[in-house]
Amino acid sequence: MLGSKFWHHPLVETAGYFSVVVLCLFVSMILFEIVTKYKNWEEIKNGNVAVALATGGKILGVCNIFRYSIERHTSLVEMLSWGLFGFILLIFAYLLFEFLTPKFKVDEEIAADNRSVGFISFTISVGLSFVIGASIS
């Protein structure tokens with residue numbers, strides 16, 4: 001009985017959600033590194049603001065999706081499942097963005113520090129994370 005109360009204590013639940021989301025964020029950054037043609041952290045280290053904007057948008061987007069998922073689900077498994085589904089939709093949105101801009105290659109422009117493209121990428125990631133998050137049931 002005491003063990004059950006421990007796991008449902010708000011501090012323990014918060015620490016659990018935080019830990020799981022940080023792990024998911026880490027995995028999502030690895031997956032985004034695979035999806036993009038440039039090396040995110042290398043480019044950021046070299047001062048590429050466009051990559052920093054695009055990566056920051058992805059981080060904010062993933063965290064926002066998990067925020068909605070935590071808010072709407074009572075179990076860790078449900079939160080994780082819906083959050084990962086939302087993340088998959090965010091990756092799909094990124095690939096769709098690349099596909100819907102036939103006049104230029106998004107990855108190439110971001111790698112070349114085109115801050116306008118980096119900012120649009122940031123905005124798409126964050127904006128769609130609100131749509132995805134709101135639709136999580």
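Which residues of α5 are buried? In this predicted model, the buried residues of α5 turn out to be M79, G83, G86, F87, L90, I91, A93, Y94, F97 and E98. They pack against quite a set of partners, namely α2, α4, α6 (106–111) and α7. As for the helix itself, α5 has 24 residues, which at 1.5 Å a residue should span 34 Å; the C-alpha atoms at its ends are 34 Å apart, so the two values agree.

Stepping back to the whole chain, the secondary structure adds up to 7 helices and 0 strands. Read from the N terminus, the elements simply go α-α-α-α-α-α-α. The C-alpha trace spans about 60 × 30 × 20 Å along its principal axes. Of the 137 residues in the chain, 37% are buried. The accessible surface comes to about 8,200 Å², with 73% of that belonging to carbon and sulfur atoms. Contacts reach well along the sequence, too: take those between residues at least 6 apart, and 69% of them join residues at least 24 apart.

Helix α2 can be checked in the same manner as α5. Its 26 residues should span 38 Å at 1.5 Å a residue, and the end C-alpha atoms sit 36 Å apart, which agrees. The buried residues here are V12, Y17, V20, V21, C24, L25, S28, M29, F32 and E33. Two of these, C24 and F32, come up again below.

Now for the rings. The structure holds 5 aromatic pairs. One of them joins F32 and Y94 edge-to-face, with 6.5 Å from centre to centre and 75° between the planes. Because F32 belongs to helix α2 (residues 10–35) and Y94 to helix α5 (residues 76–99), this pair ties together parts that lie 62 residues apart in sequence. Both F32 and Y94 are buried. A second pair brings together Y68 and F130: their ring centres are 6.4 Å apart and their planes meet at 85°, so this one is edge-to-face as well. Here Y68 comes from helix α4 (residues 49–72) and F130 from helix α7 (residues 115–135), so the pair again links parts 62 residues apart in sequence. The two partners differ in how much they show: Y68 is buried, at a relative accessible area of 13%, whereas F130 is partly exposed, at 43%.

F32 and Y94 also belong to something bigger than a pair, as they form one aromatic cluster with F87. Y94 has a charged companion besides: the charged end of K58 sits over the Y94 ring, 4.5 Å from its centre. Something similar goes on at Y68, where R67 lies over the face of the ring at 4.6 Å from the ring centre.

What about the cysteines? Searching the whole structure gives 0 disulfides. For C24, the closest cysteine sulfur is that of C63, and at 10 Å it is too far away for a bond; the cut-off for a disulfide is 2.5 Å between the sulfur atoms. C63 is likewise in no disulfide, its nearest cysteine sulfur being that of C24. C24 is buried, with a relative accessible area of 11%, while C63 is partly exposed, with 31%.

Two further spots are worth a look. The first is N48, found in the loop between α3 (40–45) and α4. Is this loop residue buried or exposed? With a relative accessibility of 5%, N48 counts as buried, because the cut-off is 20%. Setting aside neighbours within four places in sequence, N48 contacts E43, I110, A111, A112 and D113.

The other spot is R72, which has its place in helix α4. R72 is partly exposed, with a relative accessible area of 37%. Leaving out residues up to four places away in sequence, R72 touches G133, A134 and I136. In the case of G133, the two residues are 61 apart along the chain, yet their C-alpha atoms are separated by 9.6 Å.

Terms used
Residues are numbered from 1 along each chain as its sequence is written. This is a predicted model: local features need pLDDT of at least 70, side-chain atom pairs count only at pLDDT 80 or more; totals for chains, interfaces and linings use all residues. Side-chain values use heavy atoms; hydrogens and water are left out. Rings of Phe, Tyr and Trp (its six-membered ring) pair if their centres lie within 6.5 Å; planes under 30 degrees apart count as stacked, over 60 as edge-to-face and the rest as tilted. Helices (H or I, at least four residues) and strands (E, at least two) are DSSP runs, numbered from the N terminus. Buried means under 20% relative accessible area, exposed over 50%, partly exposed in between (1.4 Å probe, protein chains only). A charge sits over a ring if NZ of Lys or CZ of Arg is within 6 Å of the ring centre and within 35 degrees of the ring normal. Contact means heavy atoms within 4.5 Å. The expected span of a helix is 1.5 Å times one less than its number of residues. Accessible areas come from the Shrake-Rupley method with a 1.4 Å probe; for residues, only the protein chains shown count as cover.
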